[in-house]
Amino acid sequence: MLATASALNASLYGASRIMYAISRDGLAPSILNNIHSKRKTPHFSILFTSLASAILVVIGFLEDVASLASLFFMMIFMAVNLSVINLQKRGIIKNNLIISIIPIIFIGITIAYLLNYLMNLLRMM
């Protein structure tokens with residue numbers, strides 16, 4: 001139970017930071033871009049993400065929220081690994097065998113996970 005609460009906490013704060021970054025880039029309402037003066041956190045983004053998740057859970061979409069959150073974090077993880085490969089090609093990161101192989105392995109795992117998720121989704125329909 002503690003692990004579930006910890007994962008929920010990490011997911012909500014991670015999602016709120018992504019919402020903050022989207023707002024900072026002008027792709028979401030600017031109120032989500034506000035930083036609390038004392039705590040230095042994006043408090044409106046945290047509140048918005050928490051409320052949106054709570055509403056979806058109350059309506060009965062808990063499983064869907066969990067699946068989508070997991071899916072989005074895997075896509076972000078894949079984007080980070082693609083960025084590592086891009087930085088290697090541009091010469092910003094030193095290129096050696098281990099650093100070259102690890103992102104490719106994780107991209108493969110992420111694609112396999114995404115395909116598995118989509119296959120399970122199609123079976124449910």
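Here are some short exercises on this predicted model, each with a worked solution.

Residues are numbered from 1 along each chain as its sequence is written. In this predicted model, local features need pLDDT of at least 70 and side-chain atom pairs count only at pLDDT 80 or more, while totals for chains, interfaces and linings use all residues, and side-chain values use heavy atoms, with hydrogens and water left out.

**Exercise 1. Work out which helices and strands the chain has, and in what order.**

Step 1: count the elements, which are DSSP runs numbered from the N terminus (helices are H or I with at least four residues, strands are E with at least two). You get four helices and zero strands.

Step 2: read along the sequence, and the pattern is α-α-α-α.

**Exercise 2. Compare the radius of gyration of the chain with that of a compact globule.**

Step 1: take the radius over C-alpha atoms; the globule rule is 2.2 Å times the number of residues to the power 0.38.

Step 2: for 125 residues the rule lands near 14 Å, but this chain has 18 Å.

Step 3: look at the spans too. Along its principal axes, the C-alpha trace covers about 45 × 45 × 30 Å.

**Exercise 3. Find F73 and say which residues it touches.**

Step 1: go to helix α3, where F73 sits.

Step 2: check its cover. F73 has a relative accessible area of 31%, so it counts as partly exposed (buried is under 20%, exposed over 50%, partly exposed in between, with a 1.4 Å probe and protein chains only).

Step 3: look for contacts (heavy atoms within 4.5 Å). Leaving out residues up to four places away in sequence, F73 touches S11, G14, A15 and I18.

Step 4: pick G14. F73 and G14 are 59 residues apart in sequence, yet 9.0 Å apart in space, C-alpha to C-alpha.

**Exercise 4. Place K40 and say what is unusual about its phi.**

Step 1: find K40 in the loop between α1 and α2.

Step 2: read its phi, which is positive at about 60°, although K40 is not a glycine.

Step 3: set that against the usual case. Most residues other than glycine have a negative phi.

Step 4: add the accessibility. K40 counts as exposed because its relative accessibility is 60%.

**Exercise 5. Decide how much of the chain is buried.**

Step 1: use the same cut-off as for F73, under 20% relative accessible area.

Step 2: buried residues make up 18% of the 125 residues.
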